[in-house]
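Welcome, and thank you for opening the viewer. Let's take a walk through this structure together, one selection at a time.

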Amino acid sequence: MSPWLTVVGIGEDGFKGLGRNARHALLRASRIMGGQRQLDLLPVCIRGERQLWPSPFSLEPLLARRGEPVCVLASGDPMFFGVGASLARHVSAEDMQILPAPSSCSLAAARMGWPLQEVVTLSVVARPLAALNAQLFTGVRLLVLSNDGQSPAAIAALLRERGFGPSRLTVLEHLGGAAERRVDGVAHDWHDPLIADLNLIAIECIAEPNTPRLSRLAGLPDSSFKHDGQLTKRDVRAITLARLAPVPGELLWDVGAGSGSIGIEWMRAHPTCRALAIEADEGRQLLIEHNRDALGVPGLQLIRGNAPQALAGLERPDAIFIGGGVTREGVLDTCWAQLKPGGRLIANAVTLQSEMTLMAWREQHGGELTRIHIAQAQPLGEFDTWRQALPITLLDVTKPCDA
């Protein structure tokens, strides 16, 4: 049987820019759903009933038509930050065909002369601008789908604030259409011209001298985080994250998150890594919210409350880090019970009592114990000597796959 649903990508050039298959699908459709801008691009010869997406957006009216010959109109490539990705979670590949047009990023790369495989693409359509902070490195080229005509000015301001004022910006409006326009500028003196809502921003990132370099590898400088002293220090953090071993798509529980450093660096490892930061202290919750935005992972979810009570009902994790509270009754047991089979649990201890708890846990569940000693050279009169930080005991245990 042929698919009942056809998703047609349409560009600014409208119906005349569509291929034969897309035109035939629209001519056959009994119903065509899309946004007002896409529907307005269709000529009168298209007889199918036209229906706007509901507000707030929902797929239910479309899914209720399952089995009818229905077309959905989308901008450009429906599978690139488009409705096609949402539909694919509800409609099987056998029931749906997708006929893409060139995406706005493909058109922008062509206009800029940038090889698309060498460019970072992201969207701020109904998404926080703070996500850009994780992508800011000198020499990186970004293609950013704008939310509206105010996005270029907001992004220029963000670049200035983060020390990337010399970055070059190109705003491309109405790509592929008769109204296509290009506006060039530099972030530090962006003159805030009137910009159409339908635009894309090309950014060539250039940092000011002495702007801190924030690697994507684990172990950011402690100064990268606002904290009240409750921070897993840089070297211990790097070791801890190496044991946690972030993998794309996995979920971390950061229990007793403090300033959020472990969850934040977990998410910086890959765009699809997710983390829940569980923290009871209100002051530290504010620090977590600041740090996650400043370091480009606004998707980190803050869970306000004490473990183990705050863990109830959360999505089961692939990995858990317990940075504080291992001696609190029920914390280790609850974390272990909720950890997915094959998942990793890492817990750090500083006090004798918490170390004894980890030793007892190892006797019951196995795993490795590691003692971490860090010393730094510091002045002593006219000379230097080693100053030893408090030793850290680290438990690393993997849950059996048959558990």
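Before the first stop, one cut-off will be handy: a residue is called exposed when its relative accessible area is over 50%, and buried when that area is under 20%. Please also keep in mind that what you have open is a predicted model.

**The whole protein**

Start with everything shown as a cartoon. You should find 11 helices and 19 strands. The C-alpha atoms fill a box of roughly 85 × 55 × 35 Å along the principal axes. Of the 403 residues, 45% count as buried. Now think about contacts between residues with a separation of 6 or more: 64% of these join residues that are 24 or more positions apart.

**The cysteines**

Next, select cysteine 401. Is this residue buried or exposed? Its relative accessibility is 68%, which is over the 50% cut-off, so cysteine 401 counts as exposed. Then jump to cysteine 273, where the relative accessibility is 2%, so this one counts as buried.

How many disulfides does a search of the whole structure find? The answer is 0. Cysteine 273 is in no disulfide, and the nearest cysteine sulfur, belonging to cysteine 335, lies 19 Å away. For cysteine 401, also in no disulfide, the nearest cysteine sulfur is again that of cysteine 335, at 19 Å.

**A phenylalanine in a loop**

Now select phenylalanine 164. You will find it in the loop between α6 (151-161) and β8 (168-173). With a relative accessibility of 6%, phenylalanine 164 counts as buried. Show its surroundings, leaving aside residues up to four places away in sequence: phenylalanine 164 touches Leu136, Phe137, Thr138, Leu159, Ala187, Cys205, Ile206, Ala207 and Thr211. If you would like to try the distance tool, pick the C-alpha atoms of phenylalanine 164 and histidine 191: they are 16 Å apart in space, with the two positions 27 residues apart in sequence numbering.

**Helices α7 and α8**

Two packed helices are described by the angle between their axes and the distance between the axes. Select residues 234-244 for α7 and 261-268 for α8; their axes come within 11 Å and cross at roughly 55°. The two helices are therefore oblique to each other, and their crossing is right-handed.

Turn on side chains to see who meets whom. From α7 come Arg237, Thr240, Leu241 and Leu244, and on the α8 side they meet Ser261, Ile262, Glu265 and Trp266. Sorted by class, this contact has 4 nonpolar, 2 polar and 2 charged residues.

Stay with α8 for a moment. How many of its 8 residues are buried? The count is 8 of 8, making α8 mostly covered; among them are Gly263, Ile264, Met267 and Arg268. To see what covers these buried residues, bring in α7 along with β11 (251-255), β12 (274-279), α9 (282-294), β14 (319-322) and β15 (344-349), which are included in the cover.

**Helices α10 and α11**

For the last stop, select residues 331-338 (α10) and 352-365 (α11). Their axes come within 12 Å and cross at roughly 40°, and that makes α10 oblique to α11. This crossing is right-handed. In the contact, Leu332, Asp333 and Trp336 of α10 meet Thr357, Leu358, Trp361 and His365 of α11. By class, the α10 and α11 contact has 4 nonpolar, 2 polar and 1 charged residues.

Notes
Residues numbered from 1 in each chain as written. Predicted model: local features only at pLDDT ≥ 70, side-chain atom pairs only at ≥ 80, totals over all residues. Heavy atoms only, no water. Axes fitted to C-alpha atoms, helices over the stretch in contact; angles between N-to-C directions. Helix = DSSP H or I, 4+ residues; strand = E, 2+ residues; numbered from the N terminus. Parallel < 35°, antiparallel > 145°, perpendicular 65-115°, else oblique. Left-handed = near helix turned anticlockwise from the far one by under 90°. Contact = heavy atoms within 4.5 Å. Nonpolar A, V, L, I, M, F, W, Y, C, P; charged D, E, K, R; others polar. Buried < 20%, exposed > 50% of the residue type's maximum accessible area, 1.4 Å probe, protein only. Disulfide = S-S within 2.5 Å.
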